[in-house]
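Colleague: Please give me a close look at the empty space inside this model, taking it slowly and explaining each term as it comes up.

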Amino acid sequence: MLFHWLYPLSQDHQLLNVFRYITVRSFIAFVIGIVVSIVWGKRFIALMKLRQFGQSIRDDGPESHKKKQGTPTFGGVFIIGSALIACLICGNFTSLPFLLAGGVTMSYFFLGGLDDYLKVLKKNSKGVSARQKLMWQFATAALAGWIMIKTGTTDDQLYIPFLKDPVWALGWGYVAFAALVIVGSSNAVNLTDGLDGLAIGPVIISAATLGVLAYVAGHVEIAQYLLIPHVPDVGELLVLVAALVGAGAGFLWYNAYPAEIFMGDVGSLALGGALGTMAVLTKNEFLFVIVGGVFVIEAVSVILQVVSYKTRKKRIFRMAPIHHHFELSGWAETKVIVRFWIVSLVLAILALASLKLR
């Protein structure tokens, strides 16, 4: 709203002209996100403890995790809440990419909130059933994909990293493809959220990378120079990214080992959905496999484990997702976390390098 309130006044007050710049509003969004998150987070954790909204630890998980029983959850509420406040102040609500990414994020936020509510408050260990969850996710993602194509926000072309020209036009089939990317991203982040700070670190790194990709894709001259597809208005996603990165950093203040609060599905599903939607909007669906490589590895490890056990009655890993495999192999929890962060950072740099290798 800051943009919509102050920028029209720039004709009379030149200083206010700075609010038309995405970079300025993104910086403000980041500051608001991190400050609100840290300040609100302390009070939110106290409230969760008072209400005894604690995390239930799976019986089939690592034995070392049993000590985390009862740690407050619903941390995604103050991540998304802080980011929402920053976006309401700094966002450009005439940008359809900004609205689409925000809409998917909020839809998955409510889905994750309902799931956590059933698990923690209603003592329903299953929460929302897997089928119902997937139906909600795919319906939201397909609607977003349909709007993208219908309004011309993006096109149906597929781009491969390190190649400057599109390789295939999917037509309306792109809606299904976009939905698959968004839903896959949401669930992959959810699977990664198993150790203190493990998910939020790569989320921050991946979001920041997608923010750079969004900015260059939304800038006509930079996009032409780098030989990447130009997507009008997609640069406004940088404001959303800055808000999420700031709020995520504030959450990490409390989620770092030993965690004072967990993200919960309300956070992981929403953040994963946001990342997937931004990857689609910026035409980086395949590059996102590199950007979010940690999430991909975690999801693939679960798929391989399930397929192997069902077909051969043998497990590939000691436990899936793969971060538990390393824990049971003798790695300290903090070592697993930091090494996964390092891998995420290296993959992000590799993804950004693709901008000059086309």
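Modeller: The largest cavity holds about 90 Å³ of space, and under the rule used here the count comes to 1 cavity of 30 Å³ or more. That rule works on a 1 Å grid over the protein atoms alone, where a cavity is a set of points at which a 1.4 Å probe fits but cannot get out, and a lining residue has an atom within 4 Å of a point. Points are joined across faces, edges and corners, and a volume is the space filled by probe spheres set on them.

Please keep in mind that this is a predicted model, in which local features need pLDDT of at least 70 and side-chain atom pairs count only at pLDDT 80 or more, while totals for chains, interfaces and linings use all residues. Residues are numbered from 1 along each chain as its sequence is written, and side-chain values use heavy atoms, with hydrogens and water left out.

The lining of the largest cavity consists of 13 residues, and those nearest its centre are Pro-229, Thr-282, Lys-283, Asn-284 and Arg-358. Sorted by class, this lining has 9 nonpolar, 2 polar and 2 charged residues (nonpolar are Ala, Val, Leu, Ile, Met, Phe, Trp, Tyr, Cys and Pro, charged are Asp, Glu, Lys and Arg, and the others, Gly among them, are polar).

Lys-283, one of the residues nearest the centre of the largest cavity, deserves a longer look. Lys-283 sits in the loop between α10 and α11 (helices are DSSP runs of H or I with at least four residues, strands are runs of E with at least two, and both are numbered from the N terminus). The phi angle of Lys-283 is near 65 degrees, which is a positive value in a residue other than glycine. Is Lys-283 buried or exposed? With a relative accessible area of 3%, Lys-283 is buried (under 20%, whereas exposed is over 50% and partly exposed lies in between, with a 1.4 Å probe and protein chains only).

Asp-233 offers a useful comparison: its phi is near 70 degrees, again positive in a residue other than glycine, and Asp-233 belongs to the loop between α8 (220–226) and α9. Asp-233 is partly exposed, with a relative accessible area of 42%.

Open space can be followed too, in the second largest pocket, whose volume is about 370 Å³ (a pocket is an open set of points with protein on both sides within 12 Å along at least five of seven lines). There are 19 lining residues, and the closest to the centre of this pocket are Leu-180, Val-181, Gly-184, Ser-185 and Val-296. Helices α5 (130–151), α6 (173–192), α11 (288–291) and α12 (293–312) each supply at least two residues of the lining, and α6 gives the most, with 7 residues. By class, the lining of this second largest pocket has 15 nonpolar, 3 polar and 1 charged residues.

As background for these linings, the secondary structure of the protein chain comes to 14 helices and 2 strands, and 53% of its 358 residues count as buried. Two loops also contain cis peptide bonds: the bond from Tyr-257 to Pro-258 has omega near -5 degrees, with Pro-258 in the loop between α9 and α10 (265–281), and the bond from Ala-320 to Pro-321 has omega near 0 degrees, with Pro-321 in the loop between α12 and α13 (322–328).
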